[in-house]
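Trainee: I would like a close look at one part of this model rather than a tour of the whole. Could you pick a sheet and go through it slowly?

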There are 2 protein chains.
Amino acid sequence: MMSIESNGLKTDLYELTMAAGYYQNRHNPQAVFELYCHTMPPNRSYLVACGLEQVLDYILTLRFRPDDTRYLKTLPIFKKVDASFFRYLRNFKFSGDVWALPEGEICFANEPIVQIRAPLIEAQILETYLLSVINIQTSVATKAARVVSAACADGRRRPVVDFGARRAHGPGAAIMAARAAFIGGCLGTSNVHAAREFAMPVFGTMAHSWVEAFESESAAFKRFHSVFPQHTILLVDTYATLAGVKKAAALGRGIRGIRLDSGNLHTLGRRSRRLLDENGLTSVKILASGNLNEYKILNLVRRGCPIDIFGVGTEMVVARDFPALDLTYKLVQTKCGNAQVRYHMKTSAGKHTMPGRKQVFRFFNQDNTIRKDMIGLFDEKPPAGSRPLLVAYIRRGRRVQAPIASEKLKKRSAAALSHLPGTYRSLRSQKAFPVMISPRLSRLKTVQARNQGGC
Amino acid sequence: MMSIESNGLKTDLYELTMAAGYYQNRHNPQAVFELYCHTMPPNRSYLVACGLEQVLDYILTLRFRPDDTRYLKTLPIFKKVDASFFRYLRNFKFSGDVWALPEGEICFANEPIVQIRAPLIEAQILETYLLSVINIQTSVATKAARVVSAACADGRRRPVVDFGARRAHGPGAAIMAARAAFIGGCLGTSNVHAAREFAMPVFGTMAHSWVEAFESESAAFKRFHSVFPQHTILLVDTYATLAGVKKAAALGRGIRGIRLDSGNLHTLGRRSRRLLDENGLTSVKILASGNLNEYKILNLVRRGCPIDIFGVGTEMVVARDFPALDLTYKLVQTKCGNAQVRYHMKTSAGKHTMPGRKQVFRFFNQDNTIRKDMIGLFDEKPPAGSRPLLVAYIRRGRRVQAPIASEKLKKRSAAALSHLPGTYRSLRSQKAFPVMISPRLSRLKTVQARNQGGC
């Protein structure tokens, strides 16, 4: 998915001008930045963290090539910047530490998802790319978890497949969305490239064009079945849906399923099931698609509609109801040489931040359900009954955790969600999960807010 | 932006299984597919067509490498497919024609944006990629046109800059969104890679982290100004906004602008302007950012808020209110050798399509405003007073129109919009622009619908 080298120009200009400004001012303390979600999206009490693997890949391979720095030098804004800064960029290689919430874990507002500790210039340059990758993947993984939970709301396992490649925001987004949807709980994807890249199952049926391209619907069905005898899922709604189901049923037990892509899925699902069953095709599955989302699926499931598999595209891969999380990447502390640590926070209207490098502690009940989280300072001892969530992935520029198979990340998200009390998993949850602030962090925040009043 | 070769696996599996099915059934007639928007998004009467250049690039460079076909052969669904099909893929090279609406032109529901005429297999394989690229770029170009029109609603020119890289759906989406935002009317982008790739102006200010990284806000401002004397736009809301403005004003005429990124922009804008003016800094600009969209900007402009430049991110680059268009790619006709043309249409509930290869004719009034459009058949003579909109870009696999500079595409969209009557440009427009169906197309549709009743 990623190129061998990640291009340093895939960022906002201001990251590079600030880098030049820090460089020229010889101001490059050790800095800690944290990426987190400031406000939760509506109807969601949790997020499924996703995108870290691509973030790590980017950080480790980020380079500036000669043509990149040549281009930068042509920009008027860099006119007064020393040539040595561009040499610095040419030699750029991330030298810091990355701590993060493991992918697939769930998190809540204000909890760091990625934490960068590095010289200020290095940490600053990463901002734009990190925000965009964590945004799309965490949005989609969370949406997928919701869709999958709706599909299984009655306790029966109904797979959900990502059909979103055509609606994602371009082919790059499609690949990231497919990965995130899988980690969030989907059975697989229709995206071939993503499936290969991340070792995910790949699925497909047929388009309406297939049915139209032959002399009749029956002929189209037969022709498909002749080539894919074990894998035939017939799209039955090109003309009149129930007539299509009858033609599919006429092919007998050889077919694996039918797909409904329009109309009233509840009614058509029931009638199709009856038609199939009357023909002894009780093992033929019904797949439904067509602008589905978690609410529509929950409604179908609650009404007992006999749909076995859902294909979900648009709504999931663009996270339609909330297509961009309120993610932020904030400087929380710096340290120059042997000087004391300086803490940083914003105090602008509605955008207060919390100073200091942090850790998140998760508390569990005896039955393994999550009781609460506490955001504390990085060097706090984990309180009794809790475990720290942020883990080291890169130390001094070297990766210290091997990549984890997508399948395992999916299991992790399923486990994490199963430990979250049901009330926070509801599709309309407005309830904030209890996230405390440790006494030490709380004191630091108060002191810091007071000090900054006068700066 | 694009790789030298576009990878054939960046598509839905079903495009490739259908390709195999057509191949194995020796069914590969000349086919025509059309990509269009089925239903307009709410509050929009027009779309700004965008993304064609990346579509053409993809079509001309689409290849299957040995490892691609090797991967496909491992999938159980391809088990019964002849080895010769994979050789076919290995030799794949698009041989057909592409007609399209020029980028930057405006269009309406049901009007073809891209039209592919090629052997069925070739045309089918393109579907997924084309939909995703036209979707993101047309969504964003349209949104940008709306945002820019709001910013200039009182007749004064206030530039809008794309600040969306961090919120776009990954770095690939960010580049496409930056291009589309520019074509839709933005002055430039913060995305360095996109700016270089598409020769667009690139802009940036500073982050809150810059301000926090120094010993005081004043020091941070001075340090920035020392490195970027002609290009200093100071972010004033890290702590107390108006105090920040005063510190910026203390730097005098050297600075170019200030940026407001939070709080009540109307009040802060007026007070900031007054503070700057009182210090004789009448030429210092005020830039506003922070979750802006066309409605918020229109409100600020209508209330006379003295903001000079808008930085717009999230809402524009993910087209927040409607992040995925209802685009569709439909088979409209096929022709086997010397046989008669066969017309194709879907008749499923709510998804009727129109058969036959089409052309769109646009009618103008004497003052050059657009009067109406008419969708007709491809070989119809343009009716008097109209001009056909779809143009040939690729013929027999060869490009016949050179790429057009982004700057020119932006001018084209501005011109096209200026010719659209104001009522259809309103931000809350629910009014459908008059798009007629030609009598010949209408007859074909009726006959075809009747014929398909019995198939």
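Mentor: What follows takes one sheet of chain A, then helix packing in that chain, then the contact between the chains.

This is a predicted model, in which local features need pLDDT of at least 70 and side-chain atom pairs count only at pLDDT 80 or more, while totals for chains, interfaces and linings use all residues. Residues are numbered from 1 along each chain as its sequence is written, with chains lettered from A and ligands numbered from 1 in the order in which they are written.

The sheet is open and has seven strands in chain A, in the order S15-S14-S2-S7-S5-S19-S20, with antiparallel pairing. Helices (H or I, at least four residues) and strands (E, at least two) are DSSP runs, numbered from the N terminus. Two strands pair if DSSP finds at least two bridges between them. At the edges are strand S15 (342-343) and strand S20 (398-399) of chain A, each paired on one side only. S20(A) is joined to strand S19 (residues 391-395) of chain A by two bridges, in the antiparallel sense. Across from A:Arg399 in S20(A) stands A:Ile394.

Helix H6 (residues 127-151) of chain A packs on this sheet and touches strands S2 (30-37), S7 (114-119) and S14 (327-335) of chain A. Contact here means that the C-beta atoms of two residues, placed from the backbone, lie within 7 Å. The direction of H6(A) makes about 140° with that of S14(A). Axes are lines fitted to C-alpha atoms, for helices over the stretch in contact, and angles run from 0 to 180 degrees between N-to-C directions.

H6(A) also packs with helix H2 (residues 52-61) of chain A, at an angle of about 160° and with the axes 9 Å apart. H2(A) and H6(A) are therefore roughly antiparallel (angles under 35 degrees count as roughly parallel, over 145 as roughly antiparallel, 65 to 115 as roughly perpendicular and the rest as oblique). Their crossing is right-handed: the near helix is turned clockwise from the far one by less than a right angle, whereas anticlockwise would be left-handed. From H2(A), A:Gln54, A:Val55 and A:Tyr58 meet A:Tyr129, A:Leu130, A:Val133 and A:Ile134 of H6(A). By class, this contact has six nonpolar residues, one polar and no charged. Ala, Val, Leu, Ile, Met, Phe, Trp, Tyr, Cys and Pro count as nonpolar, Asp, Glu, Lys and Arg as charged, and the others, Gly among them, as polar.

Another helix pair in chain A is H3 (residues 66-74) with H4 (residues 83-90), packed at about 150° with axes 10 Å apart. That makes H3(A) roughly antiparallel to H4(A). H3(A) passes H4(A) in a right-handed crossing. A:Thr69, A:Leu72 and A:Lys73 meet A:Phe86, A:Leu89 and A:Arg90 there, and the residues of this contact divide into three nonpolar, one polar and two charged.

Turning to the contact between the chains, 86 residues of chain B are in contact with 86 residues of chain A. Among the elements of chain B that each supply at least two residues to this side are helix H6 (127-151) and strand S14 (327-335). The largest share, eight residues, comes from H1(B). This side of chain B divides into 39 nonpolar, 34 polar and 13 charged residues.
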